[in-house]
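User: Could you please help me understand how this model is put together?
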Amino acid sequence: MIVLDASAILAFLRQEPGSGLVAQAITDGACCSTASWSELVQKSLQAGRDVTTMRQALESCGLVFEPVTKLDAEKAAELWVDHPSVSLSGRLCLALAHRLGAVTMTADSAWGTSSQIQQIR
């Protein structure tokens, strides 16, 4: 399973480099944290985009929105120790991936790469 962060979904929506990897992940049943969705909504509203249509389009492609749990919140706080430069939304994305035993797909090069983090570009 793949958990997408907001930067990966933005790359997909904007047809930026790496969008094909994200499209394949969505087709294969990827999910995103509702915290990542909130970040994406904020950026989309700033750009004047219709969020409802965007959500419906992503859902029709197969993207699943996973709620943030108490355990995700605790894990995200713990992740701050080793990843203080990663945003709260990003740490919640990583926490969701940890809970699901999944890989996180991102366009944020500051996250680096590991067996749990896949860069799309």
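User: What is the bridge partner of Ile-2 in S4?
Analyst: The partner of Ile-2 is Val-103. S1 (residues 2–4) and S4 (residues 103–106) run parallel and are joined by three bridges. Strands (E, at least two residues) and helices (H or I, at least four) are DSSP runs, numbered from the N terminus, and two strands pair if DSSP finds at least two bridges between them.
User: Is this model predicted, and how are residues numbered?
Analyst: This is a predicted model, in which local features need pLDDT of at least 70, side-chain atom pairs count only at pLDDT 80 or more, and totals for chains, interfaces and linings use all residues. Residues are numbered from 1 along each chain as its sequence is written, and side-chain values use heavy atoms, leaving out hydrogens and water.User: What is the order of the strands in the sheet?
Analyst: The open sheet of five strands has the order S3-S2-S1-S4-S5, with parallel pairing. S3 (64–66) and S5 are the edge strands, each pairing on one side only.
User: Which residue stands opposite Thr-104 in S5?
Analyst: Thr-104 stands opposite Ile-117. S4 and S5 (residues 117–119) pair in the parallel sense over three bridges.
User: Moving on to H6, which residues are buried there?
Analyst: Among them are Ser-89, Leu-92 and Leu-96; buried means under 20% relative accessible area, exposed over 50%, and partly exposed in between (1.4 Å probe, protein chains only). H6 (residues 88–100) has 13 residues. Just after H6, Gly-101 takes a positive phi of about 65 degrees.

Terms used. Residues numbered from 1 in each chain as written. Heavy atoms only, no water. Expected span 1.5 Å × (residues − 1).
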